[in-house]
2 protein chains.
Amino acid sequence: MDAIDLSLVELLQGNARLSYAELARQVGLSAPAVHERVGKLESGGVVRAYRAEVEPEAIGLGVTALIGIVEDSGGDTDDVLEAFRRMPEIESCYFMAGVESFLLKARVGTIAELEQLIVRLNRTPGVASTRTGIALSTKWENRPQPLARPAT
Amino acid sequence: MDAIDLSLVELLQGNARLSYAELARQVGLSAPAVHERVGKLESGGVVRAYRAEVEPEAIGLGVTALIGIVEDSGGDTDDVLEAFRRMPEIESCYFMAGVESFLLKARVGTIAELEQLIVRLNRTPGVASTRTGIALSTKWENRPQPLARPAT
DNA sequence: AGGCTCAGGTCGATGGCGTCCACGGACTGT
DNA sequence: ACAGTCCGTGGACGCCATCGACCTGAGCCT
């Protein structure tokens with residue numbers, strides 16, 4: 001993981017569809033060399049996936065909510081997680097320090113659907129309570145960070 | 001925005017580096033047709049970007065925090081936003097309903113860096129108070145949703 | 001020191017891909 | 001019926017991905 005790998009990661013964070021030839025030009029190596037490096041970044045787990053970032057409204061998901069979950073004292077965390085995983089509306093799931101064990105980011109089409117989701121969450125065994133905040137607008141999301149430090 | 005466009009979006013959400021030829025095979029059109037459709041999805045703002053999804057730990061960002069911001073009653077929201085935008089650690093920024101006007105997702109290398117970030121946030125004009133929750137682990141993040149409904 | 005080994009690069013070749021263009025069929029409104 | 005428009009196909013051409021052969025420098029053992 002040297003400076004060139006960092007540049008490659010940074011370039012691909014900015015535009016995942018760059019050709020190997022273009023990447024090669026930008027970092028000053030040949031295309032096969034870049035091909036091999038990117039392959040190693042992928043199989044080494046540094047690059048997990050390449051995704052198109054989609055405007056949620058355009059695919060009928062206009063409502064974003066952030067939901068804190070308080071767990072039942074007796075509940076099994078793994079079961080709760082499994083239940084969350086089966087709800088496709090939950091885009092992100094963080095296990096948190098604090099009273100609320102989980103913080104979920106959910107995306108649905110309408111407030112009515114959000115209501116249904118919250119009901120389902122509250123019914124989930126192991127969930128003691130939920131606290132929902134609605135995002136009025138998303139200023140930005142998943143902005144890539146400049147990769148300053150040459151990480152170990 | 002028909003069923004084929006939806007498939008294209010779904011395919012590109014799963015793997016943004018698919019070739020046009022491969023996309024064409026999957027949706028049953030020719031490559032130029034797919035090329036044109038994807039171009040329209042991009043310029044129409046449906047597809048905003050293609051990004052490589054990177055394991056944050058691998059680039060020295062092991063600490064994820066979610067920070068609620070309460071605004072000063074007198075503060076100018078745009079100025080606050082502008083200040084946030086200049087902090088690269090803030091990956092996402094939502095404008096929320098509720099007491100806390102913003103919810104930020106920040107990613108830093110160490111707890112010490114998080115502390116510095118929180119100090120900077122509290123010093124920012126227009127910010128009355130902050131409330132930080134630390135993510136102990138990320139179960140998943142930015143999982144693409146299946147695109148069921150044929151959105152208008 | 002000399003030579004082995006290995007990681008990681010360049011170069012060259014070839015088949016597939018991206019992309020431009022001209023053409024054609026189905027709908028639509030008149 | 002006709003013309004216009006939209007959206008697709010097929011062909012052509014140059015660039016790209018990818019493979020194999022070879023090169024080079026660092027580290028190490030004898």
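Me: A polar contact is a pair of N or O atoms within 3.5 Å; inside protein, one atom must be able to donate a hydrogen and the other to accept it, and residues adjacent in sequence count only if both atoms are side-chain atoms. What makes the pairing of Arg25(B) with DNA strand C a polar contact?

Reply: An N or O atom in the side chain of Arg25(B) is 3.2 Å from a phosphate oxygen of DNA strand C. This distance is within the limit, so the pair is a polar contact. The model is predicted, so local features need pLDDT of at least 70 and side-chain atom pairs count only at pLDDT 80 or more, whereas totals for chains, interfaces and linings use all residues. Residues are numbered from 1 along each chain as its sequence is written, chains are lettered from A and ligands numbered from 1 in the order in which they are written, and side-chain values use heavy atoms, with hydrogens and water left out.

Me: Which atoms of Arg37(A) and Tyr20(B) approach the phosphate oxygens of DNA strand C?

Reply: Arg37(A) uses a polar side-chain atom, 2.7 Å from a phosphate oxygen. Tyr20(B) uses a backbone N or O atom, at 2.9 Å. Both distances meet the rule, so both pairs are polar contacts.

Me: What makes a residue near DNA strand C, and how many residues surround the strand?

Reply: A residue is near a strand if one of its heavy atoms lies within 4 Å of it. By that rule 13 residues surround DNA strand C, with Ser30(A), Arg37(A), Tyr20(B), Ala21(B) and His35(B) the closest. The largest share of this surface, four residues, comes from helix 3 of chain A; a helix here is a DSSP run of H or I with at least four residues, and a strand is a run of E with at least two, both numbered from the N terminus.

Me: How do you know the class of the residues near DNA strand C?

Reply: Ala, Val, Leu, Ile, Met, Phe, Trp, Tyr, Cys and Pro count as nonpolar, Asp, Glu, Lys and Arg as charged, and the others, Gly among them, as polar. Sorted in this way, the surface has seven nonpolar, three polar and three charged residues.

Me: Which parts of the protein form the surface near DNA strand D?

Reply: Tyr20(A) has a backbone N or O atom 2.8 Å from a phosphate oxygen of this strand, and a polar side-chain atom of Arg25(A) lies 3.1 Å from one. Two or more residues each come from helix 2 (20-27) and helix 3 (31-43) of chain A and from helix 3 (31-43) of chain B. Helix 3 of chain B gives the most, with four residues. Of the atoms of DNA strand D within 4 Å of the protein, 83% belong to sugar or phosphate and the rest to bases.

Me: Why is the pair Lys105(A) and Glu141(A) called a salt bridge?

Reply: A salt bridge is a side-chain nitrogen of Lys or Arg within 4 Å of a carboxyl oxygen of Asp or Glu. The N to O distance between Lys105(A) and Glu141(A) is 3.0 Å, so the pair satisfies the rule. Lys105(A) is in strand 4 (residues 102-108) of chain A and Glu141(A) in the segment after strand 5 (127-140), so the pair ties together parts that are 36 residues apart in sequence. Over all chains the count comes to 30 salt bridges.

Me: Are Lys105(A) and Lys40(B) buried or exposed, and how do you know?

Reply: Buried means under 20% relative accessible area, exposed over 50%, and partly exposed in between (1.4 Å probe, protein chains only). Lys105(A), at 5%, is therefore buried, whereas Lys40(B), at 55%, is exposed. Lys40(B) also forms a salt bridge with Glu36(B) (3.2 Å, N to O). Glu36(B) has a value of 48% and is therefore partly exposed.

Me: What makes a nonpolar core, and which residues have the most contacts inside the largest one?

Reply: A nonpolar core is a set of buried Ala, Val, Leu, Ile, Met, Phe, Trp, Tyr and Cys residues joined through side-chain atoms within 4.5 Å. The largest has 40 residues, and Tyr50(A) and Tyr50(B) have the most contacts inside it. Among the elements that each supply at least two residues are strand 1 (47-54) of chain A and strand 1 (47-54) of chain B. In soluble globular proteins, nonpolar side chains tend to be buried together.

Me: Why is Thr124(A) called buried, and which residues are in contact with it?

Reply: Its relative accessible area is 8%, so Thr124(A) counts as buried. Contact means heavy atoms within 4.5 Å. Leaving aside neighbours within four places in sequence, Thr124(A) is in contact with Ala83(A) and Met87(A). Thr124(A) is placed in the loop between helix 5 (111-123) and strand 5 of chain A.
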